[in-house]
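The following paragraphs offer a guided reading for those who meet this structure for the first time. Please keep the sequence and the three-dimensional view at hand while reading.

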Amino acid sequence: MSDLPERLSLREVGPRDGLQNEDPVPTDAKVALIDALSGTGVGRIEAVSFVHPKAIPQMADADAVWSAVTRNPDVRYSALVPNLRGAERALAAGFREIEVVVSASDTHNRKNINRSTEESLDDIAVLIELVHGQGATCQVVVATAWGCPYEGDVPVERVVGVAARALRDGADGLSYGDTTGMATPSRVTRLVGETRSALPDVPLNLHFHNTRGTGLANVLAALELGVSDFDASVGGLGGCPYAPGASGNIATEELVHMVEDMGVATGIDLEAMIGAAAEAERIVGRTLPSQVLRAGPRTRTIG
Ligand code: ZN
């Protein structure tokens, strides 16, 4: 196996991406989950999103959640926003790290926010200026990077084009999202490779879904290319909005369990993360897809 990164920076997205795709849960349960996660050693937490409450009622209490969270100084907390208004709210709430989403596929972007990809990129340029003006950073999340539920495969050139435009407009980093779980290791190698060729020094975070069972294989393919920033969701919280009942996000504890045994440090206490996954399961009241939550770590013995 080629040289893997010595250390990963994981962003826990369960409280936002996860809970956004589950039935609404009480504010205090969200706060308890974020606080449980901040005690696991994870370095980054996507805490909330500032979206219109009519569009996503699950996040209507974002301000209340954030003001009740016990801030751990060792954790970088971020907020996801769909537009300028969301960025204003996130900055007013005190967030220093903002993520804004654009879909590489036009149809997906139009269905989400009624704008073409190009129009969204125009808006994002203005948003980045606003965020920078307040001394905060902005990561541009490119959704449907490995496929669109309406258009099917999205050409690599198109994804890299969107990424290049966002960087030109001042993005501090990029995250590619496999929104539909259509990525496979060879597709990961191709898109990451083409991105590195076109944009050599770009900070690149990857967000995989396990909808079709390739989530951790995709992580491994990216690790072999030296990618060290990944999203994951405790317990695998958050279903797949396009296929009811299917799993969405990869589970944080599964990722930690795999890479730590390969000598790649995450800074995360696996047992603490499994504990947080059990808490997440209690909160949403359904069985979560994480297999490490079910089976326990490989080092756990009976008796
Ligand atoms: Zn996701």
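The second largest pocket has a volume of about 260 Å³. The model in which this pocket is found is a predicted one. Its lining consists of 19 residues, and those nearest the centre of the pocket are Arg11, Arg44, Arg76, Glu97 and Gln139. Strands contribute to this lining along much of the chain: strand 1 (9-12), strand 2, strand 3, strand 4, strand 5, strand 6 and strand 7 each supply at least two residues. Sorted by class, the lining of the second largest pocket comprises six nonpolar, six polar and seven charged residues.

The largest pocket has a volume of about 950 Å³. There are 43 residues in its lining, and Arg16, Gln20, Ile56, Leu80 and Asn112 lie nearest its centre. Both helices and strands take part, since two or more lining residues come from each of helix 1, strand 3 (76-81), helix 4 (84-92), strand 4 (97-103), helix 5 (106-113), strand 5 and strand 6 (173-177). Helix 5 provides the largest share of this lining, with five residues. By class, the lining of the largest pocket divides into 17 nonpolar, 16 polar and ten charged residues.

Enclosed space is a separate topic. Rolling a probe the size of a water molecule over the atoms reveals where empty space remains. In this structure there is one cavity of 30 Å³ or more, and the largest cavity contains about 50 Å³ of space. Its lining is formed by Pro15, Leu19, Lys30, Ile34, Ala47, Val48, Met59, Asp61, Ala62 and Val65. Helix 1 (14-20), helix 2 (27-38), strand 2 (44-49) and helix 3 (62-68) are the elements that give two or more residues to that lining. Eight of the residues lining the largest cavity are nonpolar, two are charged and none is polar.

The next feature is the metal site. Which protein atoms serve as donors of the zinc ion? They belong to Asp17 (OD), His207 (NE2), His209 (NE2) and Asn249 (OD1), and they lie 2.1 to 2.2 Å from the ion. Along the chain, the donors follow the spacing D-x189-H-x1-H-x39-N. His207 is located in strand 7 (residues 204-207), whereas Asn249 is in the loop between strand 8 (229-232) and helix 10 (252-260), so this pair ties together parts that are 42 residues apart in sequence. The arrangement around the zinc ion counts as irregular because the four donor atoms subtend angles of 89 to 166°. Because burial means a relative accessible area under 20%, His207 is classed as buried at 10%, and Asn249 is likewise buried at 3%.

Aromatic residues supply a further set of contacts. A pair of aromatic rings is described by the distance of the centres and the angle of the planes. The structure holds five such aromatic pairs. In one of them, the rings of Trp146 and Phe208 have centres 5.2 Å apart and planes at 40°, so the pair is tilted. Trp146 belongs to the loop between strand 5 (137-143) and helix 7 (156-168), and Phe208 to the loop between strand 7 and helix 9 (215-223); the pair therefore ties together parts that are 62 residues apart in sequence. Trp146 is buried, with a relative accessible area of 5%, and Phe208 is buried at 1%. Ring pairs also link Phe50, Trp66, Tyr77 and Phe95 into a cluster.

Phe50 appears again in connection with Val81. These two residues are 31 residues apart in sequence, yet their C-alpha atoms are 5.3 Å apart in space. Val81 is situated in strand 3 and is buried, its relative accessible area being 0%.

Finally, the backbone deserves attention at two positions. Asn114 has a phi near 65°, a positive value in a residue other than glycine. Thr144, also a residue other than glycine, has a positive phi near 50°. Are these residues buried or exposed? Asn114, in the loop between helix 5 and helix 6 (117-133), counts as exposed at 66% relative accessibility. Thr144, in the loop between strand 5 and helix 7, counts as buried at 0% relative accessibility.

Note on methods:
Residues numbered from 1 in each chain as written. Predicted model: local features only at pLDDT ≥ 70, side-chain atom pairs only at ≥ 80, totals over all residues. Heavy atoms only, no water. 1 Å grid on protein atoms, 1.4 Å probe; cavity = no way out; pocket = protein on both sides within 12 Å on 5 of 7 lines; lining within 4 Å. Points joined across faces, edges and corners; volume = space filled by probe spheres on them. Helix = DSSP H or I, 4+ residues; strand = E, 2+ residues; numbered from the N terminus. Nonpolar A, V, L, I, M, F, W, Y, C, P; charged D, E, K, R; others polar. Donors = N, O, S within 2.8 Å, 3.2 Å for Na, K, Ca; no water. Tetrahedral: all angles 85-135°; square planar, octahedral: opposite > 155°, others 65-115°. Buried < 20%, exposed > 50% of the residue type's maximum accessible area, 1.4 Å probe, protein only. Phe/Tyr/Trp six-rings, centres within 6.5 Å; stacked < 30°, edge-to-face > 60°.
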